[in-house]
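Visitor: I am new to this structure and would like to look closely at a single part of it. Could you choose one and take me through its surroundings step by step?

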Amino acid sequence: MRINKKGFEFSFAWLFAILVGAVILFLAIYAVTKIIDTGGEASSAKTGKEIGVLLNPLETGFESGKTTELIMPVETIIYNECNPNGNFGKQIVRISQKNFGKWSETNINVGFSNKYIFSKEDTEGKNFFIFSKPFEFPFKVSDLIYLTSSEDNYCFIDAPDEIKEEINESGQENLHTENCPEEGIKICFSSSEPECEIKVSYLQEHGSVERQGEIVYFETDALMYGAIFSEPEIYECQIKRLMKRESELINIYNEKEKITAEQGCAPDVNILALGSAINHVQNSEGLYSAYGTAQNTQRENDMARCPLW
């Protein structure tokens, strides 16, 4: 009986020790996991801010139509979100990165009021390509930035010569005008091609882009690229933001015109007519009529003795 009692006490002590050890081990693993998750979130947020700085064409010295490569240390998803509210709206960048086989989830959004990124809603990879073009309507409004993953190939079929030349000169490895990979996304500039994910149409100087049954409209090649590389929701949101920025710039040019006139050199540019046309643009379809006013304003500025821009 004494031996059995001691055996029982010995077993209970071991059982108690195992339970306590299991709890301590669980707490340690949980703490490490939380630290890793928190570190992943912090890293993702920091990366989002760094990308925002990198995407500033003036700071990085981008040339129009030239490509730069963005290389991530781990597999990354760049989420592109656009908010049209406010004076300039907001470009939101959110990052998710793969750590220890698990995607870091973060609700930390990094916002910029002066950047316009055209891409898919979520672009995944380790290597990304970025190129930029100025959007002029008729004066420069902003630099538009196009973001793609190196894993996505785009095939420009029957593109106009100037588009082919620009793509070839960019040196961007995932943009093709010939010898397109079979799995490439086909962008067709001719209705004769039956199988195309993206269709680009020109009606005189006005154009449209169709994808998955949705159509958006563009003026200038800068917006054409934007319509190709971004999803319709993002594209339409960025159009609203660009029109808001242009409206603010028109106010500045209007004040400049008053000051110039007081100094004895009136530009005679009807900048307020352009402002009225811009304020009526509610979506990309409204660019058609505003573009005509923009062209007239540019002609007035070209002939002015004291041009505004």
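Guide: A residue counts as buried when its relative accessible area is under 20%, as exposed when it is over 50%, and as partly exposed in between, using a 1.4 Å probe and protein chains only. What you see is a predicted model, in which local features need pLDDT of at least 70 and side-chain atom pairs count only at pLDDT 80 or more, while totals for chains, interfaces and linings use all residues. Residues are numbered from 1 along each chain as its sequence is written, and side-chain values use heavy atoms, with hydrogens and water left out.

Let us begin with Thr220, which at 23% relative accessibility counts as partly exposed. Thr220 belongs to the loop between strand β13 (214-218) and helix α4; helices (H or I, at least four residues) and strands (E, at least two) are DSSP runs, numbered from the N terminus. The backbone of Thr220 has a phi near 80 degrees, which is a positive value in a residue other than glycine.

After this loop comes α4 itself, which spans residues 221-229. Eight of the nine residues of α4 are buried, so this helix is largely enclosed by the rest of the structure. The buried residues are Ala222, Leu223, Met224, Tyr225, Gly226, Ala227, Ile228 and Phe229.

Tyr225 deserves a longer look, as its ring takes part in a pair with Tyr146. Rings of Phe, Tyr and Trp (its six-membered ring) are said to pair if their centres lie within 6.5 Å, with planes under 30 degrees apart counted as stacked, over 60 as edge-to-face and the rest as tilted. The centres of the Tyr146 and Tyr225 rings are 5.8 Å apart and their planes stand at 55 degrees, so this pair is tilted. Because Tyr146 lies in strand β7 (residues 140-149) and Tyr225 in α4, the pair ties together parts that are 79 residues apart in sequence. Tyr146 and Tyr225 are both buried.

This pair also has a wider setting, for ring pairs link Tyr146 and Tyr225 into a cluster with Phe118, Phe131, Tyr154, Phe156, Phe189, Phe229 and Tyr235. Across the whole structure, a search finds 17 aromatic pairs.

If you follow the chain back from β7, you come to the loop between β6 (122-136) and β7, where Pro138 has its place. Phe137 and Pro138 are joined there by a cis peptide bond, with omega at about -10 degrees.

A further neighbour of α4 is Tyr202, which is found in strand β11 (residues 198-203). Counting as contact any heavy atoms within 4.5 Å, and leaving aside neighbours within four places in sequence, Tyr202 touches Pro160, Phe189, Gly207, Phe218, Asp221 and Met224. Among these contacts, Met224 is one of the buried residues of α4, and Phe189 is a member of the ring cluster. Tyr202 itself counts as partly exposed, at 34% relative accessibility. The C-alpha atoms of Tyr202 and Tyr217, which stand 15 residues apart along the chain, are separated by 9.9 Å.

Finally, Thr220 can be set beside Asp268, which has a positive phi of about 55 degrees although it is not a glycine. Asp268 lies in the loop between α5 and α6, and at 63% relative accessibility it counts as exposed.
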